[in-house]
Amino acid sequence: MFSFCTDPSVLSDWPWMACYLTTGKHMSIYLSVFTVLALLAVTAPVALMFGFGGATAARSSVLPLRWFGKTYIALVRGVPDIAFFLFFVIALDQGIEYLRHKALCPDWSEPIRQGNDFVVCQAAKMPLGNAPQWVHETYGFSLAVLTFAIVFGAFAANVLFGAMRAVPRTQLETAEAYGMTRRQTFWRVLVPQMWVYALPGLSNLWMVLIKATPLLFLLGVEDIVYWARELGGTKTSRFTDYPHGDWRMWYFLALLVFYLIFTRVSEVVLGRLMNRLTRGQATAGGEAQRKAAV
């Protein structure tokens, strides 16, 4: 914090604002930006992994696997995101605590379900009540990553499943005619070519994932939306050295600008990636590049 922040006589206009924006609580909202970026950096590849597994299972020749893949895609995509987030996190948390309760407290005689309450022994709590704060935050972040990955993995699976079907059948038949096994055809022909068909859908999914990060506060993670609402609300001199009125509009306007810049940068990067993938491909984009180079 600036040194003149301790001198009330100079706190006016911009000096006051500089002091206000460098308080300890404001450092929390700046750190929460990295929380959002970390969530995206971890969730995107995990969701893509879930999606690839779901798409592969949905096109499998093994009937149980095919049913599993299609059920996963249809079930998760058919449930509103906010309902899935609220249900899955509670169900998973209670499921972990139930298993720990059975393992750590075998002598427990009281019922776990007591009306609307879910009661387990203290040793089975996740995380433990006396655990450090970073353990609580890491646990909440891990649940958020898993929940986001399952939801967006289902959408990614649908995109990848369509992309696999979009690869011309003649390409696969040619590979088989050259003596490639089904595994070799899948990894050497189908997977490399499917990305050019999948990228438009995955690009849209990435944008939706960015816009879904404000749902973090529903999962107990103190993200930028939480801090914008907390810091922007009316503050009186009784509780803070920097009283102000209702500034939530300005805080959320800052979030709007942040997300617009973020999505614009994503569009540029994805556009360049698309150009790279379509180079030399028998697609509209690849044909346009070929004609432009002539």
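## A threonine held at two points

The backbone oxygen of I210 lies 2.7 Å from a polar atom of the side chain of T213. This distance, like every other value in this report, comes from a predicted model. The side chain of T213 also takes part in a polar contact of 2.8 Å with the side chain of Y259. T213 itself is located in the loop between α7 and α8, the latter covering residues 224-232.

Is T213 buried or exposed? Its relative accessibility is 0%, so T213 counts as buried. Neighbours within four places in sequence are left aside in the following list. The residues in contact with T213 are then V36, L39, L40, F148, D223 and Y259. Y259 therefore appears both in this list of contacts and as the partner in the side-chain polar contact, where a pair counts if its N or O atoms are within 3.5 Å.

## The chain as a whole

The protein chain contains 10 helices and 2 strands. Read along the sequence, these elements follow the pattern α-α-α-α-β-β-α-α-α-α-α-α. The two strands thus come after α4 and before α5 in the order of elements.

The protein chain has 294 residues, and 35% of them count as buried. A residue is called buried because its relative accessible area is under 20%. Contacts can also be sorted by how far apart the partners are in sequence. Among contacts between residues at least 6 apart, 65% join residues at least 24 apart.

## The disulfide

How many disulfides does the structure hold? There is 1, and the disulfide joins C105 to C121, with an S to S distance of 1.8 Å. C105 lies in the loop between α4 (81-104) and β1 (113-114), while C121 lies in the loop between β2 (117-118) and α5 (133-166), so the bond ties together parts that are 16 residues apart in sequence. A disulfide is a covalent bond between the sulfur atoms of two cysteines.

The torsion about the S-S bond of C105 and C121 is about 80°, so the disulfide is right-handed. C105 has a relative accessibility of 16% and counts as buried. C121 is buried too, with a relative accessible area of 5%.

## The largest pocket

The largest pocket has a volume of about 400 Å³. Its lining is made up of 14 residues, and T56, R59, R182, R183 and F186 are the ones that lie nearest its centre. Two elements give two or more residues to this lining, namely α6 (169-177) and α7 (182-212). Which of the elements gives the most? The answer is α7, with 6 residues. By type, the lining residues divide into 5 nonpolar, 4 polar and 5 charged.

F186, one of the residues nearest the centre of the pocket, is found in helix α7. F186 is buried, with a relative accessible area of 12%. Residues up to four places away in sequence are not counted among its contacts, and F186 touches F52, T56, R59, M164, V191 and P192. Two of these, T56 and R59, are also among the residues nearest the pocket centre. F186 and T56 are 130 residues apart along the chain, yet their C-alpha atoms are separated by 9.9 Å.

## Other buried residues of helix α7

T185 is found in helix α7. With a relative accessibility of 5%, T185 counts as buried. Apart from neighbours within four places in sequence, T185 is in contact with L172, A175, E176, M180 and L190.

M194 lies in helix α7 as well, and its relative accessibility of 0% means that M194 counts as buried. Residues up to four places away are again not counted, and M194 touches F52, L160, A163, M164 and V167. F52 and M164 are touched by F186 too. From M194 to F161 the C-alpha distance is 9.2 Å, and the two residues are 33 residues apart in sequence.

## A buried isoleucine in helix α3

Helix α3 covers residues 63-77 and includes I73. I73 is buried, with a relative accessible area of 7%. What does I73 touch, not counting residues up to four places away in sequence? The list consists of G54, A58, A154, A157 and N158. The C-alpha atoms of I73 and F161 are separated by 9.9 Å, with these positions 88 residues apart along the chain counted as their separation.

Note on methods. Residues are numbered from 1 along each chain as its sequence is written. This is a predicted model: local features need pLDDT of at least 70, side-chain atom pairs count only at pLDDT 80 or more; totals for chains, interfaces and linings use all residues. Side-chain values use heavy atoms; hydrogens and water are left out. A disulfide is a pair of cysteine sulfur atoms within 2.5 Å. Helices (H or I, at least four residues) and strands (E, at least two) are DSSP runs, numbered from the N terminus. Buried means under 20% relative accessible area, exposed over 50%, partly exposed in between (1.4 Å probe, protein chains only). On a 1 Å grid over the protein atoms alone, a cavity is a set of points where a 1.4 Å probe fits but cannot get out, and a pocket is an open set with protein on both sides within 12 Å along at least five of seven lines; lining residues have an atom within 4 Å of a point. Grid points are joined across faces, edges and corners, and a volume is the space filled by probe spheres set on the points. Ala, Val, Leu, Ile, Met, Phe, Trp, Tyr, Cys and Pro count as nonpolar, Asp, Glu, Lys and Arg as charged, and the others, Gly among them, as polar. Contact means heavy atoms within 4.5 Å. A polar contact is a pair of N or O atoms within 3.5 Å; within protein, one must be able to donate a hydrogen and the other to accept it, and residues adjacent in sequence count only if both atoms are side-chain atoms.
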